[in-house]
Amino acid sequence: MRQTFGGSMETAQLALVFVHLLGMAAVVGGYFAGLRAVPKRLSAGIVHGTLLQLLSGVALLGLAEMGTEPVNHAKFGIKIAITVVVLLISWPRRRDQEIPSGTYHAVGILALTNVAIAVFVK
């Protein structure tokens, strides 16, 4: 028997989760890929992945609000706030040839914190 996607709402949610995970992979992967680089620099993957995370995360929140399950607003609020902070740090520095090591690690640690919140907070 062939399994198919559910309704259009479920399909939209699955597509958004896919895009959201791609953004996360770009941010976290870009961070780990640049750990040994000298000088430190924010890759396009980190910057654009963060923007992708914000847009898809807000869209996922909208879909969650339309569902029947209760929404953990504290979780979503913290995750969106962290993503906005990462964007505020990274977007103005996206073309810089060098950034301070602490700034680079702040972006990576905040991104990893967001992943941990997504996984461990219900």
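The largest cavity of this predicted model has a volume of about 80 Å³, and the count of cavities of 30 Å³ or more comes to one. Its lining is made up of Met-24, Val-27, Val-28, Thr-50, Gln-53, Ile-82, Thr-83, Val-86, Leu-110, Ala-111, Asn-114 and Val-115. At least two of these lining residues are supplied by each of helix 1, helix 2, helix 3 and helix 4, and the largest share, four residues, comes from helix 4. When the lining of the largest cavity is sorted by class, eight residues are nonpolar and four are polar, while no charged residue is found there.

One of the residues that line the largest cavity is Thr-83, which has its place in helix 3. Thr-83 counts as buried because its relative accessibility is 8%, where the cut-off for a buried residue is under 20%. If residues up to four places away in sequence are not counted, Thr-83 touches Thr-50, Gln-53, Leu-54 and Asn-114. Thr-50, Gln-53 and Asn-114 also appear in the lining of the largest cavity.

The cavity is accompanied by an open space, the largest pocket, in which about 740 Å³ lies. The elements that give two or more residues to the lining of this pocket are helix 1 (8-33), helix 2 (44-66), helix 3 (73-90) and helix 4 (101-120). The lining of the largest pocket comprises 29 residues, and those that lie nearest its centre are Val-17, His-20, Leu-60, Phe-76 and Lys-79. By class, 16 residues of the pocket lining are nonpolar, nine are polar and four are charged; for the lining of the largest cavity, by contrast, the count of charged residues is zero, with eight nonpolar and four polar residues.

The fold that surrounds these spaces can be described as follows. The chain contains four helices and zero strands, and the order of its elements from the N terminus on is α-α-α-α. The C-alpha trace spans about 50 × 35 × 25 Å along its principal axes. Of the contacts in the chain with a separation of 6 or more, 77% are accounted for by residues 24 or more positions apart. Buried residues make up 30% of the 122 residues in the chain, and the area that the chain exposes is about 7,700 Å², of which carbon and sulfur atoms supply 69%.

Aromatic side chains contribute a further set of contacts. The structure holds two aromatic pairs, and one aromatic cluster is formed by Tyr-31, Phe-32 and Tyr-104. Within this cluster, Tyr-31 has its place in helix 1, and Tyr-31 counts as buried because its relative accessibility is 9%. With residues up to four places away in sequence left out of the count, Tyr-31 touches Ile-46, Tyr-104, His-105, Gly-108 and Leu-112, so that Tyr-104 is a contact of Tyr-31 under the cut-off of heavy atoms within 4.5 Å. The C-alpha atoms of Tyr-31 and Val-47, which stand 16 residues apart along the chain, are separated by 10 Å.

Exposed positions and loops complete the description. Ser-8 has its place in helix 1 and is exposed, because its relative accessible area is 65% and the cut-off for an exposed residue is over 50%. The C-alpha atom of Ser-8 is separated by 18 Å from that of His-20, twelve residues apart along the chain; His-20 is among the residues that lie nearest the centre of the largest pocket. Pro-100, in the loop between helix 3 and helix 4, is likewise exposed, with a relative accessible area of 52%. Between Pro-100 and Thr-50 the C-alpha to C-alpha distance is 19 Å, at 50 residues apart in sequence, and Thr-50 is one of the residues in the lining of the largest cavity. A second proline, Pro-39, has its place in the loop between helix 1 and helix 2, where Val-38 and Pro-39 are joined by a cis peptide bond with an omega of about 0°.

Definitions and conventions. Residues numbered from 1 in each chain as written. Predicted model: local features only at pLDDT ≥ 70, side-chain atom pairs only at ≥ 80, totals over all residues. Heavy atoms only, no water. 1 Å grid on protein atoms, 1.4 Å probe; cavity = no way out; pocket = protein on both sides within 12 Å on 5 of 7 lines; lining within 4 Å. Points joined across faces, edges and corners; volume = space filled by probe spheres on them. Nonpolar A, V, L, I, M, F, W, Y, C, P; charged D, E, K, R; others polar. Phe/Tyr/Trp six-rings, centres within 6.5 Å; stacked < 30°, edge-to-face > 60°. Buried < 20%, exposed > 50% of the residue type's maximum accessible area, 1.4 Å probe, protein only. Areas by Shrake-Rupley, 256 points an atom, 1.4 Å probe, with all protein chains shown as cover.
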